[in-house]
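Me: I would like a close look at a single part of this model. Please take the open six-stranded sheet and the nonpolar core that goes with it, then set them against the rest of the chain.

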Amino acid sequence: SIYEMFGHECCLSTGEVIKVIGFKINKLIASICENNEVGQFSAKVELPLNFPGLYKVVADKTPYVSIEEITKKVSIGPTRFGHPCFYSPEDIKLANLTIRHGEHITFNSVEEVNGTMAVNCVVVRNNQSHSFTLPLSQEGKFYECEDDQIYTLKEIAEWKIPKCRNRIVKLSNTIHMWDFSNPLPENFDGCLILTPVYEVQAVMKFRKDIVHILSDLDVEVKDITDCYDISSFLQPLSLEDVFERTSKEFPMVAEIMEGPSESQKPFKFLDTGNEIIIYKKYQATRVLASEIRSDSPKRYFLIPMSYKGRFKRRPREFPTAYDLEIARSEKEQLHVVATKAFDSPHKELFSVSVGDQFLVQQCQTSEVLYERRKNLIDVLACEQILGDTYKKVLLPMYMEGRFVEVIHDKKQYQLSEICREFRLPFNVKVSVRDLSIEEDVVAAMPGLQFEEEITDSYLLISSASSPVESWEIPVYRLNMSVHLLSKDVQTVVPPVTKTEVEEISEEQYYMVRRYENQTILSPPRPPKKPT
């Protein structure tokens with residue numbers, strides 16, 4: 001018989017046949033380096049994968065000696081994390097392209113090309129992508145590139161720790177309080193050397209769930225792959241695996257082998273053992289919204305474009321004159337009131353007092369005298385409101401003040417109208433809740449900031465036992481495994497689709513923003529004072 005303890009098998013019967021389907025990091029042993037000295041660490045602590053915080057990955061200084069070694073040790077795949085970057089200290093001469101030393105090579109996928117296994121790669125030169133392949137037999141020194149992204153510990157464990165190597169990370173952002181005692185030193189600002197502890201994921205012939213076996217379980221096994229019919233075992237698929245299937249393969253019926261955790265479960269029918277119909281895969285648009293509040297923690301939401309509630313505008317706040325320039329639009333004139341004073345160092349420009357009101361006009365340049373020299377600087381032309389009259393003034397674009405928007409618009413807007421007519425970020429409050437949603441969580445918020453529109457991957461599913469409604473589930477935010485059943489789908493056309501407002505954690509909020517902005521250049525910062 002098999003005994004389970006804390007979700008892991010701790011005893012296996014003699015003669016039991018097991019099909020190993022994968023290896024997964026169960027937890028991390030972190031060596032604490034408080035002074036960023038990798039060779040000197042003060043203590044070792046155990047960190048669960050859900051330990052909070054965002055981390056920067058330190059590039060591994062040990063080179064890989066061939067492309068084959070990289071493919072064996074580094075995760076390369078179709079998801080967002082599976083595109084590692086490397087560089088070679090020597091030029092690599094190919095048939096129609098020379099990869100220059102130091103160039104960043106992005107590894108996208110591994111496939112067979114003309115009978116030879118190779119990696120599909122890309123280099124970017126002058127904003128132009130150049131694609132090529134590198135055979136696994138390609139030798140040389142390949143170093144990991146510096147990575148400017150931030151990751152959760154779970155992401156690092158799944159994608160950023162090469163096999164047979166440790167990973168050094170730096171804490172970039174502590175997100176929220178840990179419910180238990182914090183194992184890291186107070187105000188920690190050093191490095192962590194992460195050593196993974198693995199578990200084996202397996203399936204058994206007479207069980208429909210996935211078995212988790214710790215790698216330190218004292219048991220002897222024998223490889224019988226070559227003399228056993230492995231097709232008799234179930235084939236677990238993650239939601240990412242399902243999403244990678246071709247559109248022609250949908251709809252399909254699947255049984256849930258491992259459902260999401262109770263805290264993560266969006267719908268009651270996603271329990272282990274239940275059957276679901278997966279109708280199709282697609283990309284859908286959401287509006288990323290955050291709760292407006294001065295203290296933390298904030299709450300974060302992904303609102304579908306089909307949301308039927310209505311919104312009223314709420315005043316926006318602007319820390320600089322530059323932010324006023326970004327926010328102004330042709331549709332309406334931006335009216336603001338100053339909440340912080342500013343003394344201009346130039347007589348040609350206006351000094352602001354608390355309570356001054358302005359209508360924002362346009363950005364232009366103006367000549368100012370600075371240390372007996374004339375300088376041309378960017379300024380914001382505004383009209384100061386003086387009762388019934390207006391005075392033209394110029395505010396330096398580098399001005400750090402504070403302004404609050406004065407709202408004259410009392411209209412109630414649909415979500416699609418706001419995205420079409422206004423520039424995000426945009427502040428609102430729900431004025432009429434969505435009556436089609438059983439619990440409209442955003443209706444209770446005193447204020448929301450719509451930050452940006454994002455596009456994400458979804459599967460449309462329903463319960464196989466009562467397919468009266470279909471639901472969208474996010475591919476990259478829901479951890480569950482299924483296996484496909486050879487059953488015909490009775491209803492090819494999905495039933496009425498119900499979309500929910502999805503509340504996401506702070507870690508997921510940062511992940512969503514990071515993915516969406518990877519290809520978007522960050523806006524220029526406000527100009528500095530003339531020197």
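Reply: What follows starts with the ground rules, moves to the sheet and its core, and ends with other parts of the chain.

This is a predicted model, where local features need pLDDT of at least 70, side-chain atom pairs count only at pLDDT 80 or more, and totals for chains, interfaces and linings use all residues. Residues are numbered from 1 along each chain as its sequence is written, and side-chain values use heavy atoms, with hydrogens and water left out.

The protein chain has six helices and 34 strands. Both are DSSP runs, numbered from the N terminus: helices are H or I with at least four residues, strands are E with at least two.

Now the sheet. It is open, has six strands and runs in the order E23-E28-E24-E25-E26-E27. The pairing is antiparallel. Two strands count as paired if DSSP finds at least two bridges between them. Strand E23 (317-320) and E27 are the edges. Each has a single partner strand, so one side of each has no neighbour in the sheet. From one strand to the next, the twist averages 35°. Angles like this run from 0 to 180 degrees between N-to-C directions, with axes fitted as lines to C-alpha atoms.

Take one pair inside the sheet. Three bridges join E24 and E25, in the antiparallel sense. Val336 stands opposite Phe358 of E25.

Those two residues also matter for the core count. The largest nonpolar core has 25 residues, and Leu324, Val336, Val352, Phe358 and Phe403 touch the most other members. Such a core is a set of buried Ala, Val, Leu, Ile, Met, Phe, Trp, Tyr and Cys residues joined through side-chain atoms within 4.5 Å. Buried means under 20% relative accessible area, exposed means over 50%, and partly exposed lies in between (1.4 Å probe, protein chains only). At least two core residues come from each of helix H4 (321-327), strand E24 (335-340), strand E25 (357-370), strand E26 (373-386) and strand E27 (389-396).

Phe358 has a long contact list. Leaving out residues up to four places away in sequence, its partners include Leu334, Val336, Ala338, Phe350, Val352, Cys382, Val393 and Phe403. Contact means heavy atoms within 4.5 Å. Cys382 is itself buried, at a relative accessible area of 2%.

Asn375 lies in strand E26. Its relative accessibility is 17%, so it counts as buried. Asn375 and Thr365 are ten residues apart in sequence and 9.9 Å apart in space, C-alpha to C-alpha.

Now the rest of the chain. A second, separate core holds 22 residues, among them Val57, Tyr151, Ile156 and Ile161.

Strand E19 (residues 252-258) has six of its seven residues buried, so the rest of the structure largely encloses it. E19 pairs antiparallel with strand E20 (residues 275-291) over four bridges. There, Val253 has Ile277 as its bridge partner. E19 also runs antiparallel to strand E32 (residues 481-485), with five bridges. Glu255 stands opposite His483 in E32.

Finally, the whole chain. Of its 531 residues, 44% are buried. Among contacts with a separation of 6 or more, 68% link residues 24 or more positions apart. The disulfide count is zero, taking a disulfide as a pair of cysteine sulfur atoms within 2.5 Å. For Cys33, the nearest cysteine sulfur is that of Cys191, 6.2 Å away.
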